[in-house]
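Subject: Structure for your files

Dear colleague,

Here is the structure I said I would pass on. Please look it over before reading my notes below.

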Amino acid sequence: MPFEMYMPVRLVWGDGAVNADPGRFSQLGSRCLIVTGKHSAISSGALGDAQRALETAGVAYTLYDGIGQNPLISACHEAGAMARETGAQFILGIGGGSPLDAAKAVAAYASNPQLEASDIYKKIFAHAPLPVALIGTTAGTGSEVTAVSVLTDDATGRKKSISGPAFYAALAFADPKYTYSLDYDFTVSTALDAFAHNIEAWFTPKCGGVLKALAAEGFRLLWPSLTQLKNTGEVPGEATRANLYYGSIYAGMVINNCGTAFPHPVGYILTENCGVPHGKACAAFLPAFLERARRFAPDALTEALSIMGEDFDALLQTLRQLTNLPRFGFSREQAEAYAARWQDEPPLNFKSSPGSLTVAEAAGLLAEV
Ligand code: NAP
Ligand code: FE
């Protein structure tokens, strides 16, 4: 099978990335809408740096700070209208995966006034979305480099991802210092998300060549950092913060081309119904995923373990300890009701998992957590 990779985002990384060349912002337009959550853009220092860069570049801006975790399409739709009303020529998303994913949707709503909130899932845009710039403040999703936006439909409460070339940012910044303000629990959860991306994608049929090299580097950066988080129980220092952030970017490039596997869609159930943060929700299914990898893809597993310098049992133990969720105890009926959403159209993630997961098996996994 031939391998393929595409990643058209201009990524600027390292200390001081946002302010290194303010002209990058004015190249996107003379007015923007900044899209953030309530607190993190400010507490991380990213918003202040962005405002300074925009002012230096002569770019006017308005702030929309109404994006919550697992962003709602209604909030993105509202921000899209605000972008139009204020004459924004581009969208600047600042925050974790939620505001970054939201910014991609806001850009599509902004240039397409005819779209109702739920129309975004159809991905048919009469006008190209506005350009998007992103500044990340968590080391997890890789949304900076993916053509993916995960949005929650207000009507159903379900998370659904949309992807395609229209959802690439034009410009993205990865400066690890914005992640320093993240507390221990979110640091662990976002690190688990990045690791889940890397290891889920590793076992997909598309992970070869350059992508495998990126994933190998993802393991090298992420695994020692996760081990450190487990051993210390404390927020990490600057070097580990940088390893986590860059590891999440490597993993992001890999999932952008390979996709994720079953822990992601099955994990959505725990987020939607039990409020579990995204990374831990996916990580809850990593032990089952790795057991299947051991059965159906032993060589790829051995290679991953050797890159990480870890043995299988210790890997699972560390993941379980970091995930640290209570037992949910869904009944068999409840688990089957949750899994029914995949009955008509099982996600590609199931097929690309080792041994290919069936919907009945997904229900079984839900009944075990
Ligand atoms: P998040 O939902 O963006 O943020 C989680 C929490 O952390 C929020 O309370 C946020 O505060 C806070 N926070 C963020 N950065 C902070 C910082 N530097 N200091 C202090 N607090 C900070 O978390 P996330 O895990 O990064 O993103 C999860 C979302 O991304 C999910 O919806 C998931 O499905 C999606 N996702 C997308 C992709 C993709 O490829 N696009 C991949 C995986 C996951 P505020 O609310 O104040 O901002
Ligand atoms: Fe994820």
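The notes below cover the metal site, the other ligand and a few single residues.

This is a predicted model, in which local features need pLDDT of at least 70 and side-chain atom pairs count only at pLDDT 80 or more, while totals for chains, interfaces and linings use all residues. Residues are numbered from 1 along each chain as its sequence is written, chains are lettered from A and ligands numbered from 1 in the order in which they are written, and side-chain values use heavy atoms, with hydrogens and water left out.

Metal site

The iron ion (ligand 2) has as protein donors Asp-193 (OD), His-197 (NE2), His-264 (NE2) and His-278 (NE2), at 2.1 to 2.2 Å. Donors here are N, O and S atoms within 2.8 Å of the metal (3.2 Å for Na, K and Ca); water is not among the atoms, so sites may look incomplete. Along the chain the donors of the iron ion are spaced as D-x3-H-x66-H-x13-H. His-197 lies in helix α7 (residues 184-202) and His-278 in helix α11 (residues 278-283), so the pair ties together parts that are 81 residues apart in sequence. Helices (H or I, at least four residues) and strands (E, at least two) are DSSP runs, numbered from the N terminus. His-197 and His-278 are both buried, where buried means under 20% relative accessible area, exposed over 50% and partly exposed in between (1.4 Å probe, protein chains only).

The angles among the four donor atoms run from 80 to 168°, and the site of the iron ion is irregular. Four donors count as tetrahedral if all angles lie between 85 and 135 degrees; four count as square planar and six as octahedral if opposite donors are over 155 degrees apart and all others between 65 and 115; anything else is irregular.

Ligand 1

Around ligand 1 there are 29 residues, the closest being His-39, Ser-40, Gly-97, Ser-98 and Thr-138; a residue is counted if one of its heavy atoms lies within 4 Å. By class, the shell holds seven nonpolar, 18 polar and four charged residues. Ala, Val, Leu, Ile, Met, Phe, Trp, Tyr, Cys and Pro count as nonpolar, Asp, Glu, Lys and Arg as charged, and the others, Gly among them, as polar.

A polar side-chain atom of Asp-101 is 2.8 Å from a nitrogen atom of ligand 1, and a backbone N or O atom of Tyr-178 is likewise 2.8 Å from a nitrogen atom of the ligand. The elements giving two or more residues to the shell are α6 (97-111), β6 (148-153) and α7.

Single residues

Leu-33 is in strand β2 (residues 31-36) and, at 0% relative accessibility, counts as buried. Its C-alpha atom is separated by 9.2 Å from that of Ala-103, 70 residues apart along the chain.

Thr-271 sits in helix α10 (residues 263-274) and is buried at 7% relative accessibility.

Two residues that are not glycines have a positive phi: Lys-123, at about 60°, and Asn-324, at about 45°. Lys-123 is in the loop between α6 and β5 (132-136) and is partly exposed at 39% relative accessibility. Asn-324 is in the loop between α14 (312-323) and α15 (332-339) and is exposed at 58%.

Regards

Notes: A polar contact is a pair of N or O atoms within 3.5 Å; within protein, one must be able to donate a hydrogen and the other to accept it, and residues adjacent in sequence count only if both atoms are side-chain atoms.
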